2 protein chains.
Amino acid sequence: MGGSATPKQNKRVTITDVARHAGVSVAAVSKVLRNAYGVSPGMQEKVRTAIAELDYRPQAAARGMRGRTYTIGVLLDNVRNAFFADILDGIQEELRTSEYTVLIGAAGFDPDEQAKTIRSMVDRQMDGLILIAPGTSRAEVLATAAATPTVVIGHHDGTDAHDSVVDADDTGAGLVVDHLVALGHRDIALVSAPGTKANQWKRTPEVVLTAGYRSAMERHGLAERVQVHHAAYSDEGGFKAGMTLLTDERRPTAVMAGADVAALGIYRAAHELGLRIPEDLSLVGYNNTALAALATVQLTSVDQAGHTMGSSAARMLIERVEGRRDRAMQTSMTPRLVVRGSTAALSGS
Amino acid sequence: MGGSATPKQNKRVTITDVARHAGVSVAAVSKVLRNAYGVSPGMQEKVRTAIAELDYRPQAAARGMRGRTYTIGVLLDNVRNAFFADILDGIQEELRTSEYTVLIGAAGFDPDEQAKTIRSMVDRQMDGLILIAPGTSRAEVLATAAATPTVVIGHHDGTDAHDSVVDADDTGAGLVVDHLVALGHRDIALVSAPGTKANQWKRTPEVVLTAGYRSAMERHGLAERVQVHHAAYSDEGGFKAGMTLLTDERRPTAVMAGADVAALGIYRAAHELGLRIPEDLSLVGYNNTALAALATVQLTSVDQAGHTMGSSAARMLIERVEGRRDRAMQTSMTPRLVVRGSTAALSGS
DNA sequence: TTCGTGGTGGAGAACGTTACACACAGCCTT
DNA sequence: AAGGCTGTGTGTAACGTTCTCCACCACGAA
């Protein structure tokens, strides 16, 4: 725009420059880059030094046109959920030493936005996708998975189109119910996210969690005490659910929430209603995020080994990307109860 | 690998298909896609319907070879920092209606890893970069910014190589000190991240914050009571700093931390030492993250308007990407004190 | 009629990389 | 000595876009 003499940004070093500098063909350099078959040690040496001397880095866009982009996309709805951060750490750690780069799309909760983000990733020729509890329709995910290696974390719906990593949420719910029953509680309510929203996923984490809760309650002969409330997994969502639940005539003595952050909302509601925790109400979260461990919170929660889930997902994905496996697989993690100060024996029973 | 008849994934729709289907040239379709000059309404119409009918989506890798990729990269060290989530929200919202996609790289705290991630983004031909408080060396960032439009969030070092968005951290520190002094405190300590690590940034947020703290203390005639402790911005870092600080013979009556999460670590230390908050110790965080607002926490903190910072950064970046501005600019936000239950008047003074 | 002129559409050369096909050399079998 | 491998290196056609010309047309002015 009229600036005097825009300083010509010196052109990037390309594979051709490397080839010339090393005195070999472009094809040879490409082979070394991809460590493909048919390269002698001498050639390796020559090319590698040339690359180092010129500080050459391959351009992913050009690679993407024929081969791989060495990019893995991770879709998640929202960065605030600390559990996702654990998963991310696992993914990153697994891929740190590889030549793949992880790029994250934080699409928000809107299924359409998520779908748009997934398409963006496909359009950018990413080699593989990890979708964390996608809200997008099942059909959309299956279509994507047909063309790009994909791992879905969270949803229990099995398929041979993509790999899956799940937590045994039903077992997790059972652990919580057992713990609370052992403390003498009988009126145990569950606050979970609304189930499937007609997007064809039949076994979301929430659905499985709820099923696990119900069956555990039945196992203890408490089927008629089952109380399920739906709420968004946020502080506000938990607060609203808490206000409803705790002012009900059939007020539960213990509440379990499907996410720590929702449990804290319930905490706030209890506080507002003058109920003490754990004396008047036992409260259990889910995911054992850093939140739960805070000194001032001390929330009993269920640990999901997010780190391990992430690294497993990454490992499985790379196997697929590199064609070392051609059949779908599903990995399931066993949750573990972490007891803290928010649960206590039912008093005056 | 011996699988029977790998189902040929039906090839993607390309610009050539669209051109053929619409009965026009490839060049014309390209023009419509980029809404370039020299396209008649009729042509627009024809091409757009063809695109819709074939469900065509341009392939970013191919675009990247000649023109833009319509991708914006955001670098941050760690997803757990809730303040970054606010910034991200701002960025996403600003870009939601545009044709740009935001991809996030969470590189961790290691400067080398961060540099690697920045390079990855450049290699992927991203159109623009937003770097949130990068730990990478200044030289590296300047070199990147010379070739790719870049906005740096956090660091106050001015330059004409890239745009900047900062919070007036010195003012923020002043607000806190004023507040605490008004409550009668005189021994006010600061816990902040270690300053510049020889990576050539002279005015990181920590440095500016510390300077603001010092000058506010001087302004109140408390220069000799200045006490600065360095700690990582994490629960553990805060805890360690807290243990040192609170067992010192010159124990402060108030502590301000450069990040909420560190404040919570100090909280834990205080708790462990039998100190009550706010009766025995006033505590102030920074960033006013969701953590600070939790019912069980109620931490006085400084709000940084992360959302606005993010949307400003995005807007500034797009201006540069699209060549609508060719001079660097710097945006500064004014922080605001949010008083909660963790600060109180000095008792028995 | 002739000449410009502005507005549209198209041809075709990049862009940097991969992957296919082939050439060549050296060695082992017969 | 002929033939067949095997292991290495190279030439070159893609890949799907963008973007720089260039051609064409219609129209108005001289």
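**View 1. A cross-chain salt bridge joins A:R80 and B:D86.** The closest N and O atoms of this pair are 2.9 Å apart; a salt bridge here is a side-chain nitrogen of Lys or Arg within 4 Å of a carboxyl oxygen of Asp or Glu. By that rule, ten salt bridges turn up across the interface of chain A and chain B. The model is predicted, so to speak: local features need pLDDT of at least 70, side-chain atom pairs count only at pLDDT 80 or more, and totals for chains, interfaces and linings use all residues, while side-chain values use heavy atoms, with hydrogens and water left out. As for labels, residues are numbered from 1 along each chain as its sequence is written, and chains are lettered from A and ligands numbered from 1 in the order in which they are written.**View 2. Chain A and chain B meet over about 4300 Å² of buried area.** Buried area is the accessible area (1.4 Å probe) that two parts lose on being put together, summed over both. Carbon and sulfur atoms give 56% of that area. Chain A puts 54 residues into the contact and chain B puts in 54 residues, with contact meaning heavy atoms within 4.5 Å. Between the two chains, 25 residue pairs are in polar contact, both at pLDDT 80 or more. A polar contact is a pair of N or O atoms within 3.5 Å; within protein, one must be able to donate a hydrogen and the other to accept it, and residues adjacent in sequence count only if both atoms are side-chain atoms. On the chain A side, the elements that give two or more residues are α4, α5 (82-96), β2 (101-106), α6 (111-123), α7 (138-147) and α11 (260-272). Helices (H or I, at least four residues) and strands (E, at least two) are DSSP runs, numbered from the N terminus. That side divides into 27 nonpolar, 13 polar and 14 charged residues. Here Ala, Val, Leu, Ile, Met, Phe, Trp, Tyr, Cys and Pro count as nonpolar, Asp, Glu, Lys and Arg as charged, and the others, Gly among them, as polar.

**View 3. A:R57 reaches across to B:D123.** Their side chains meet in a salt bridge, 2.8 Å from N to O. The pair crosses between chains: A:R57 sits in the loop between α3 (41-54) and α4 of chain A, and B:D123 in helix α6 (residues 111-123) of chain B. A:R57 is partly exposed at 23% relative accessible area, whereas B:D123 counts as buried at 9%. For these labels, buried means under 20% relative accessible area, exposed over 50%, and partly exposed in between (1.4 Å probe, protein chains only).

**View 4. B:E140 and B:R119 form a salt bridge within chain B.** The N to O distance is 3.0 Å. This pair links distant parts of the chain, with B:E140 in helix α7 (residues 138-147) and B:R119 in helix α6, 21 residues apart. Both ends are partly exposed: B:E140 has a relative accessible area of 23% and B:R119 comes in at 27%. Elsewhere, salt bridges that share partners tie A:D163, A:E319, A:R320 and A:R325 into one network. Over all chains, the count comes to 36 salt bridges.

**View 5. DNA strand D is surrounded by 26 residues.** The closest are A:Y37, B:I15, B:S30, B:R34 and B:Y56; a residue is near a strand if one of its heavy atoms lies within 4 Å of it. Sugar and phosphate make up 64% of the strand D atoms that come within 4 Å of the protein. The surface near the strand has 14 nonpolar, seven polar and five charged residues. Helices α2 (26-33) and α4 (60-66) of chain A, together with α2 (26-33) and α4 (60-66) of chain B, each supply at least two residues to this surface. The biggest giver is α4(B), with four residues.

**View 6. Three side chains pair up with phosphate oxygens of DNA strand D.** For A:Y37, a side-chain N or O atom is 2.7 Å from a phosphate oxygen. B:R34 places a polar side-chain atom 2.7 Å from a phosphate oxygen, and for B:R63 the distance is 2.9 Å.

**View 7. B:S311 is tucked into helix α13 (residues 306-321) of chain B.** At 11% relative accessibility, B:S311 counts as buried. Leaving aside residues up to four places away in sequence, B:S311 touches B:G90, B:I91 and B:E94.
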